[in-house]
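Hi,

Here is the structure I said I would pass on. Have a look at it first, and my notes on the charged pairs and one serine follow below.

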Amino acid sequence: MTNMINEQILVMIISSLLSGLIGVAVSSWFYARLEKRKMKMETARKMFGSRHDISSTKFQESLNEIMIIFSDSQKIIEAVENSLTIAATPQSARAPGAENEVLIKLMKAVCQNIGIKQRLSDAYYLKYFFVSKHNT
């Protein structure tokens, strides 16, 4: 009888420990996924928000971040590599509109990776709102 009670106590302790460990592991996994998604969204927001001035610090920072943040996406890495190739090619040797084409492919790949559906034509990726600053 006491053997049976000891076994029940042991099973209860082991199951309690296992459920706690499994809960911590699952929570950690979900938290890591959420943090990665937040970083991807922030980088995408920075890139799209500053696409009106691709020479800006903010836009260039976002492109540099993409290499790390989106390192799990071969499609995005290839798009960045193509962008760097075009940037290194002299303007006179580039196909007309080549820089816009690689930028659009990169932006579409980022959208696809973070789950944003693209309902606009390619031309809209290059359009933006411009707000002038007035000194008062």
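Let's start with Glu35, which is partly exposed at 27% relative accessibility. Keep in mind as you read that this is a predicted model. Glu35 pairs with Lys38 in a salt bridge, and their closest N and O atoms are 3.5 Å apart. Lys38 also counts as partly exposed, with a relative accessibility of 48%. Both residues sit in helix α1, which covers residues 2-49, and because they are 3 residues apart there, about one helical turn separates them.

As a general reminder, side chains of opposite charge can pair when their charged atoms come close. How many salt bridges does the model have? The count comes to 8.

Another of these links Asp72 with Lys40, at 3.1 Å from N to O. Asp72 lies in the loop between α2 (57-69) and α3 (74-88), while Lys40 is in helix α1, so this pair ties together parts that are 32 residues apart in sequence. Is Lys40 buried or exposed? Lys40 is buried, because its relative accessible area is 9% and the cut-off for buried is under 20%. Its partner Asp72 is partly exposed, at 47% relative accessibility.

There is also a salt bridge between Arg94 and Glu99, with the closest N and O atoms 3.4 Å apart. Glu99 comes out as partly exposed, with a relative accessible area of 29%. Back with Asp72 and Lys40, shared partners join these two and Lys36 into one salt-bridge network.

Now for the serine. Ser50 is in the loop between α1 and α2, and at 3% relative accessibility it counts as buried. What does the side chain of Ser50 reach? One partner is the backbone oxygen of Lys46, which lies 2.7 Å from a polar atom of the Ser50 side chain. The Ser50 side chain also reaches the backbone nitrogen of Phe59, at 3.3 Å. Leaving aside residues up to four places away in sequence, Ser50 touches Ser56, Lys58 and Phe59.

If you open the model, I'd begin with two spots. One is the Asp72 and Lys40 pair, which connects helix α1 with the loop between α2 and α3. The other is Ser50, with its side chain set against the backbone oxygen of Lys46 and the backbone nitrogen of Phe59.

Cheers

Key:
Residues numbered from 1 in each chain as written. Predicted model: local features only at pLDDT ≥ 70, side-chain atom pairs only at ≥ 80, totals over all residues. Heavy atoms only, no water. Salt bridge = Lys/Arg side-chain N within 4 Å of Asp/Glu carboxyl O. Helix = DSSP H or I, 4+ residues; strand = E, 2+ residues; numbered from the N terminus. Buried < 20%, exposed > 50% of the residue type's maximum accessible area, 1.4 Å probe, protein only. Polar contact = N/O pair within 3.5 Å; in protein donor to acceptor, adjacent residues only side chain to side chain. Contact = heavy atoms within 4.5 Å.
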